[in-house]
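Let's take a walk through a protein together. Have a look at the picture first, and then we'll go from one spot to the next.

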Amino acid sequence: MVHLRTSSGPFSVSAAALTVAVVGVLLTTAHATAATSQRPQLLIGLDDDRQDNTAVQAGAVNNQSLNRTDILIGGLANDVMFGLNGNDVIEGREGRDIILGGPDGGTPPGGPPNSDIMFGGPGNDVNLWAPGDGSEVFIGGSGLRDALVFGATDRETTADPETDFLLPTLLLGVPGFPQGIPTANVSDVTSFCTIEASPLPEYEFLVRFLGVAGNLIVTVRVSGVEQVFCSGQGGGAITFADLTAPFPSFVVISQQEVSELNSLVGRMIR
């Protein structure tokens, strides 16, 4: 699968940017083209704004980089977006977008900085958080069924030659997503989630992800998000919180109920 690559500066565009259409997926290297595409895209951060990039560092002793931060901007259709390492800023825009700020885990340079800020848009978007990612922000947008999912992302067994990263695997055959969708194991994760009203005015809720012993691991700030899917304490279950309820809390649900609540998430998780 050829991946659509974007560079890390805001709206950084090459005049020689190449676009190629393959199996209905637009492939490009330019931010501006990606942001106006009317076809589904797979967008992957380059992680190229880093200290060992001599063009960025310019011979300075102090770090001049943004430590692998990428800016990814989706188009008008259903995009799948991977930020990889760094504190990424990702905006899905129109369509039903699937956004992963990472996956950030693994050997160095995996891990911090790994706190991403992600925006959905007017469609029903999904933000997938995986172990190894940091505390993050997901602003769902005006969709009626924006979802935050906590789960162990399924990943390739061979590193991608361009990023040297074990990228998420992509499930093909899902209508509207010719590029495929990432999948994740939720029920086998032993950690669990809680939810509380946000003390910060920018957000509606804080979703806490805790280890099996109750130790706090990360906090995801959300606004404009209607659904959260998480694992159950000790594993063996999928739990769900309806953020449109007066006092949202997590309850155990079946795989069939996942699909009934959100058909796209139903294809993504198990």
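Is Glu-91 buried, partly exposed or exposed? Keep in mind as you look that this is a predicted model. Glu-91 has a relative accessibility of 32%, so it counts as partly exposed. Its side chain meets the side chain of Arg-93 in a salt bridge, with 3.6 Å from N to O. Arg-93 is partly exposed too, because its relative accessibility is 25%, and the band for that label starts at 20% and ends at 50%.

Now zoom out to the whole chain. You can find four helices and 22 strands in it. The chain has 270 residues, and 53% of them are buried. What about the outside? The protein chain exposes about 11,500 Å², and 56% of that comes from carbon and sulfur atoms. You can also ask how the chain folds back on itself: take the contacts with a separation of 6 or more, and 48% of them are between residues 24 or more positions apart.

Let's go to some of those strands. Strand β19 covers residues 216–223, and strand β11 covers residues 136–139; the two run parallel and are joined by four bridges. On its other listed pairing, β19 runs antiparallel to strand β18, residues 205–210, with six bridges between them. A good residue to look for here is Arg-221 in β19. Its bridge partner in the pairing with β11 is Val-137, and Leu-206 stands opposite Arg-221 as well. Strands β18 and β19 form a hairpin with five residues between the strands, and there Gly-214 takes a positive phi near 95°.

Strand β18 also gives us another salt bridge. The structure holds four of them, and in this one the side chains of Arg-208 and Glu-196 meet at 3.1 Å, N to O. This pair links distant parts of the chain: Arg-208 sits in β18 and Glu-196 in strand β17, twelve residues apart. Arg-208 is partly exposed, since its relative accessible area is 21%, just as Glu-196 is partly exposed because its value is 32%.

Stay with β17 for a moment, and you'll run into a disulfide. A search of the whole structure finds one, and it joins Cys-193 to Cys-230, with 2.1 Å from S to S. The link is right-handed, with 75° about the S-S bond. It ties together distant parts of the chain: Cys-193 is in strand β17 (residues 192–197) and Cys-230 is in strand β20 (residues 227–231), 37 residues apart. Are these two cysteines buried or exposed? Cys-193 is buried because its relative accessible area is 7%, and Cys-230 is buried because its value is 0%. The cut-off for buried is under 20%.

Back out at the surface, check the salt bridge of Asp-52 and Arg-50, where N and O are 2.6 Å from each other. Asp-52 has a relative accessibility of 55%, so it counts as exposed, whereas Arg-50 is partly exposed because it has 28%.

One last stop: which residues form a nonpolar patch on the surface? They are Val-89, Ile-117 and Phe-119, and together they have about 210 Å² of accessible area. Ile-117 lies in strand β9, which spans residues 117–119. Its relative accessibility is 37%, so Ile-117 counts as partly exposed.

How values were computed:
Residues are numbered from 1 along each chain as its sequence is written. This is a predicted model: local features need pLDDT of at least 70, side-chain atom pairs count only at pLDDT 80 or more; totals for chains, interfaces and linings use all residues. Side-chain values use heavy atoms; hydrogens and water are left out. Two strands pair if DSSP finds at least two bridges between them. Patches are made of residues with over 30% relative accessible area and no salt bridge: like charges are joined within 9 Å, nonpolar side chains (Val, Leu, Ile, Met, Phe, Trp, Tyr) within 5 Å. Accessible areas come from the Shrake-Rupley method with a 1.4 Å probe; for residues, only the protein chains shown count as cover. A salt bridge is a side-chain nitrogen of Lys or Arg within 4 Å of a carboxyl oxygen of Asp or Glu. Buried means under 20% relative accessible area, exposed over 50%, partly exposed in between (1.4 Å probe, protein chains only). A disulfide is a pair of cysteine sulfur atoms within 2.5 Å. Contact means heavy atoms within 4.5 Å.
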